[in-house]
Amino acid sequence: MIKPIIIGNWKLNGNKVFIRKFFEPLNRFLSKYHKKCTVIITPPVLYIYLIQKIFSSNNKKFFLGSQNVDNHILGPFTGEISSCMLKDIGVKYVIIGHSERRFNHKESNTIIAKKFHILKEKKLIPILCIGETQEEKINKKTKEICMEQIDVIFNICGSYAFDNSIIAYEPIWAIGSKNSAKAKEVQYISHFIRNYIKSKINHKIKNFFIQYGGSVTRKNAKKLITQKDVDGFLIGGSSLKLKEFTKIIEITNI
Ligand code: PEP
């Protein structure tokens with residue numbers, strides 16, 4: 001059995017007071033779970049260093065990740081964050097291709113693949129979000145969209161791209177909608193993604209995980225996590241509510 005991965009994506013939320021109130025009880029709670037489950041929180045990036053300072057490196061039971069990275073290493077790119085800087089402060093996991101960045105910041109599949117490549121070069125772990133819009137779902141294009149989003153990564157990063165990486169299957173219509181995809185649909189597409197990746201390579205893939213994201217709550221977590229090809233969750237809204245988030249971790253580990 002694999003160790004599930006639970007990722008909390010805080011997006012543009014949180015402040016210093018909230019951080020203290022959240023992380024101290026979370027860390028205590030994780031004493032019981034951190035060996036069975038990998039928990040990663042991606043706060044706004046400027047708080048990462050603060051959270052690291054609150055916890056000495058040996059008592060932290062969770063990992064911190066970034067919600068984004070630039071596709072350049074350094075130079076005249078005002079406001080960006082580089083993979084070297086993330087590595088420098090000890091960050092290991094980086095979300096890329098979130099639908100909010102694809103839409104709000106016009107990030108194309110090619111830009112996302114460049115980011116993926118840069119992360120792999122620095123031995124950081126990409127959490128690549130893929131998934132279809134409502135319209136694409138209605139037009140039965142889910143598989144096609146996932147294939148397109150995966151293919152561009154293979155084209156730019158080669159056949160070992162997905163070793164040591166995470167794909168978060170996030171149907172865009174389910175994000176922040178209180179309307180999660182049905183467990184059976186999630187299993188169907190996760191299985192498809194896993195097989196599609198296997199079909200494109202000639203080696204046994206290592207350390208590759210598939211997450212589901214889109215309105216995960218304590219109510220749907222059990223059904224979703226028990227699907228064979230779902231290795232964990234990428235959680236937005238519920239990751240900002242400590243009780244809800246810890247309950248999901250508990251359910252994931254029953
Ligand atoms: C997300 O933003 O990736 C997400 C899954 O959000 P939510 O859990 O709120 O749907």
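**Exercise 1.** Determine which residues surround the ligand and how they divide by character.

*Solution.* Begin with the shell, taking a residue as near the ligand if one of its heavy atoms lies within 4 Å of it: 13 residues surround the ligand, and the closest are Lys11, Glu170, Gly176, Ser215 and Gly236. The model is a predicted one, in which local features need pLDDT of at least 70 and side-chain atom pairs count only at pLDDT 80 or more, while totals for chains, interfaces and linings use all residues. Residues are numbered from 1 along each chain as its sequence is written, and side-chain values use heavy atoms, with hydrogens and water left out. Next, sort the shell, where Ala, Val, Leu, Ile, Met, Phe, Trp, Tyr, Cys and Pro count as nonpolar, Asp, Glu, Lys and Arg as charged, and the others, Gly among them, as polar; the shell then divides into four nonpolar, seven polar and two charged residues.

**Exercise 2.** Find how far polar backbone atoms of Gly176, Ser215 and Gly237 lie from an oxygen atom of the ligand.

*Solution.* For Gly176 the distance is 2.6 Å. A backbone N or O atom of Ser215 lies 2.7 Å from a ligand oxygen, and for a polar backbone atom of Gly237 the value is 2.8 Å. Taken alone, the ligand exposes 290 Å², of which the protein buries 95% (Shrake-Rupley accessible areas, 1.4 Å probe).

**Exercise 3.** State which residues of the lining of the largest cavity are supplied by which elements, and sort the lining by character.

*Solution.* The lining consists of Gly97, Ser99, Arg102, Cys129, Ile130, Gly131, Gln149, Glu170 and Ile172, a cavity being a set of points on a 1 Å grid over the protein atoms alone where a 1.4 Å probe fits but cannot get out, with lining residues having an atom within 4 Å of a point. Helix H4 (99–104) and strand E5 (125–130) each supply at least two of the lining residues, helices (H or I, at least four residues) and strands (E, at least two) being DSSP runs numbered from the N terminus. By character, the lining divides into three nonpolar, four polar and two charged residues.

Definitions and conventions. On a 1 Å grid over the protein atoms alone, a cavity is a set of points where a 1.4 Å probe fits but cannot get out, and a pocket is an open set with protein on both sides within 12 Å along at least five of seven lines; lining residues have an atom within 4 Å of a point. A polar contact is a pair of N or O atoms within 3.5 Å; within protein, one must be able to donate a hydrogen and the other to accept it, and residues adjacent in sequence count only if both atoms are side-chain atoms.
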